[in-house]
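Me: I'd like to understand the labels people put on a protein model. Could you go through some of them with me?

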Amino acid sequence: MRLRFILSETWTSLKRNGSMILSVTLVTFISFLFIGAAVLMQAQITKAKGDWYDKVEVVVWLCPDGTSQAASCASGKSPTQDEIVKIEDTINDELSNDVAKITYVSKQQFYKDTFLKQYPNGVYQGRTLTAADMQDSLRLKLTDPQKYQEVSEVLTGRTGIEQVEDQRQIFDPVFNALNKATEVTVVLAGVMVIVAIMLTGTTIRMSAASRRNETEIMRYVGASNWTIRLPFILEGSVASIIGSLLAVGTLSLVVDTFITNWLAKSITWMPFIGQGNVLVTAPVLIVGAIVLSALASAVSLRRYLRA
């Protein structure tokens with residue numbers, strides 16, 4: 001009987017305050033759309049980092065033939081095969097715990113497998129380059145990608161080595177930009193959540209004020225405060241559930257349209273999030289919306305019912 005009464009009162013309130021409920025729904029939708037976007041963006045960063053950092057290597061560029069700014073290349077000649085073997089032995093002796101694999105890449109191999117793929121005609125900055133213009137290199141696969149500094153300290157400045165390059169440095173500016181975008185999204189989401197809480201509380205309080213006579217009668221017949229409050233809390237929760245479901249649906253549509261069917265097909269070298277990430281995020285958004293709405297409603301009604 002009590003449950004039927006509470007549901008009946010909730011339905012009556014929803015019909016009576018349709019415009020206010022709509023405003024709560026829209027604000028909840030926008031707020032949790034920002035929150036979901038921030039969560040998915042961070043998931044994308046984590047996924048890309050996990051994949052790229054597992055594949056990146058430390059590249060030891062050996063001295064080229066000709067002039068070089070590095071003091072270790074003062075001879076003006078690229079190292080011989082015997083000198084390259086000595087460098088590899090040094091890596092095996094001094095960095096055995098940090099380097100899992102060493103791969104030698106000759107000038108010809110680099111020119112054919114890498115340079116010509118980026119510059120099909122071999123033209124770079126107005127010049128046509130050949131394999132002789134390239135450099136030999138050693139590609140080091142680290143046991144822990146974070147230990148680049150230790151490897152660099154051991155190898156930098158050694159005779160025959162021009163430069164030690166960490167490929168992660170190529171991606172770090174991208175990740176930093178994405179992290180900044182995530183921070184901005186989180187701030188906007190926080191502002192919108194505060195707006196949603198205030199609007200929900202105000203709407204529920206106005207709804208309760210419009211039914212003051214009914215709540216007074218319920219008091220006189222001995223209804224508890226929670227029995228009086230619950231229809232209003234459910235009213236706000238319904239609006240929040242609808243808003244959060246709209247946010248989840250929009251995020252799913254964006255991921256499907258712009259990521260799965262566009263970016264993932266255009267940029268094949270980068271791993272992307274998918275609908276699985278949206279499904280994992282959805283319960284958090286829905287439950288979060290319900291909890292925030294319920295708290296806002298309960299706090300706003302607490303003072304009103306004491307009056």
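Me: Let's begin with Val195: why is it called partly exposed?

Reply: Happy to help! Buried means under 20% relative accessible area, exposed means over 50%, and partly exposed is in between (1.4 Å probe, protein chains only). Val195 has a relative accessibility of 35%, so it counts as partly exposed. Before we go on, this is a predicted model, where local features need pLDDT of at least 70, side-chain atom pairs count only at pLDDT 80 or more, and totals for chains, interfaces and linings use all residues. Residues are numbered from 1 along each chain as its sequence is written, and side-chain values use heavy atoms, with hydrogens and water left out.

Me: Where is Val195 found?

Reply: Val195 sits in helix α6, residues 168–210. Helices (H or I, at least four residues) and strands (E, at least two) are DSSP runs, numbered from the N terminus.

Me: Why is Val56 called buried?

Reply: Its relative accessible area is 10%, so Val56 falls under the 20% limit. Val56 belongs to the loop between α2 (18–55) and β1 (58–62). The C-alpha atoms of Val56 and Arg168 are separated by 6.5 Å, with the two residues 112 apart along the chain.

Me: What makes Lys107 and Asp65 a salt bridge?

Reply: A salt bridge is a side-chain nitrogen of Lys or Arg within 4 Å of a carboxyl oxygen of Asp or Glu. For Lys107 and Asp65, the closest N and O atoms are 2.9 Å apart, and the pair forms a salt bridge. Lys107 lies in helix α4 (residues 107–118) and Asp65 in the loop between β1 and α3 (81–94), so the pair ties together parts that are 42 residues apart in sequence.

Me: Is Lys107 buried or exposed?

Reply: Lys107 counts as buried, at 10% relative accessibility. Its partner Asp65 is partly exposed, with 47%.

Me: How many salt bridges does this rule give?

Reply: The count comes to 2. Glu94 forms a salt bridge with Arg158, their closest N and O atoms being 3.1 Å apart. Glu94 is in helix α3 and Arg158 in the loop between α5 (148–155) and β6 (161–166), so this pair ties together parts 64 residues apart in sequence.

Me: Why does Glu94 count as partly exposed?

Reply: Glu94 has 48% relative accessibility, a value between the two limits, so it counts as partly exposed. Arg158 is partly exposed too, with a relative accessible area of 31%.
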